[in-house]
Amino acid sequence: MALRDQLKVLVVDDMSTSRGLILQALDAMGIRQVGYAVDGQGAMGILEKTPVHLVISDYNMPGMDGLQLLHAMRKNPKTQRSGFILITGRADKEIIENGKKLGMNNFIKKPFQPQDLRNCIEAVVGRL
């Protein structure tokens, strides 16, 4: 069984268009066990009930941004070992450095191509 058949992913993005593009790219890669949340708080609620291997999160979200979500995940024993990819239109040095300090596994800058996302995921979880 291929890794992509086993991989459980949660996509977190408040913008339906961006979320849809990520979900579409994951589907094209053959990744089928995918859920989504529209904000960080909702993501933590889902993760408490259903652990995943990888979270792909937007940075700029209301309430709890992507780095705040990452921080909450790393503090929680149920979620601290999940992979985390940050997607941002603002790949500022400060954001990336803070993400790395918090345990971010990788990041991707918007706009991105599906192959960019695939490369990013493969760098975190291995060959699909």
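**Exercise 1. What radius of gyration would a compact globule with 128 residues have, and what does the protein have?**

Solution. The model is a predicted one, and the values below are computed from it. A compact globule with 128 residues would have a radius of gyration near 14 Å, and the protein has 13 Å, which agrees. As a next step, consider the extent of the C-alpha trace, which spans about 35 × 30 × 25 Å along its principal axes. Burial can then be added to the picture, since 43% of the 128 residues of the protein count as buried. Finally, among the contacts with a separation of 6 or more, 62% are accounted for by residues 24 or more positions apart.

**Exercise 2. Work out how the helices and strands of the protein follow one another, and in which order the strands lie in the sheet.**

Solution. Begin with the count, which is six helices and five strands. Read from the N terminus on, these elements run α-β-α-β-α-β-α-β-α-β-α. In space, the five strands form an open sheet with parallel pairing, and their order there is β2-β1-β3-β4-β5. The edge strands, each of which pairs on one side only, are β2 (33–37) and β5 (106–109). On average, neighbouring strands of this sheet are turned by 20 degrees against each other, with direction ignored.

**Exercise 3. Describe how strand β3 is joined to strand β4, and find the helix that lies across both.**

Solution. Strands of a sheet pair through backbone hydrogen bonds, either parallel or antiparallel. Here β3 (residues 54–58) and β4 (residues 83–88) run parallel and are joined by five bridges. To follow the pairing at a single residue, take V55, whose bridge partner in β4 is F84. The helix in question is α4 (residues 66–75), which lies across β1 (8–12), β3 and β4, and runs at about 170 degrees to β4.

**Exercise 4. Locate D58, decide whether D58 is buried or exposed, and list its contacts beyond its neighbours in sequence.**

Solution. D58 lies in strand β3. The cut-off for a buried residue is under 20% relative accessible area, and D58 therefore counts as buried, with a relative accessibility of 4%. When its neighbours within four places in sequence are left aside, D58 is in contact with V12, D13, D14, G66, L86, I87 and K110. In an unreviewed entry, UniProt lists D58 for "modified residue: 4-aspartylphosphate". The UniProt annotation "domain: Response regulatory", also from an unreviewed entry, covers residues 8–125. Within the model, the end C-alpha atoms of residues 8–125 lie 11 Å apart, and this span is 47% helix and 21% strand.

Definitions and conventions:
Residues are numbered from 1 along each chain as its sequence is written. This is a predicted model: local features need pLDDT of at least 70, side-chain atom pairs count only at pLDDT 80 or more; totals for chains, interfaces and linings use all residues. Side-chain values use heavy atoms; hydrogens and water are left out. Two strands pair if DSSP finds at least two bridges between them. Helices (H or I, at least four residues) and strands (E, at least two) are DSSP runs, numbered from the N terminus. Axes are lines fitted to C-alpha atoms, for helices over the stretch in contact, and angles run from 0 to 180 degrees between N-to-C directions. Contact means heavy atoms within 4.5 Å. UniProt positions are given in the numbering used here, feature names are shortened, and annotations may be inferred rather than shown by experiment. The radius of gyration is taken over C-alpha atoms; the globule rule is 2.2 Å times the number of residues to the power 0.38. Buried means under 20% relative accessible area, exposed over 50%, partly exposed in between (1.4 Å probe, protein chains only).
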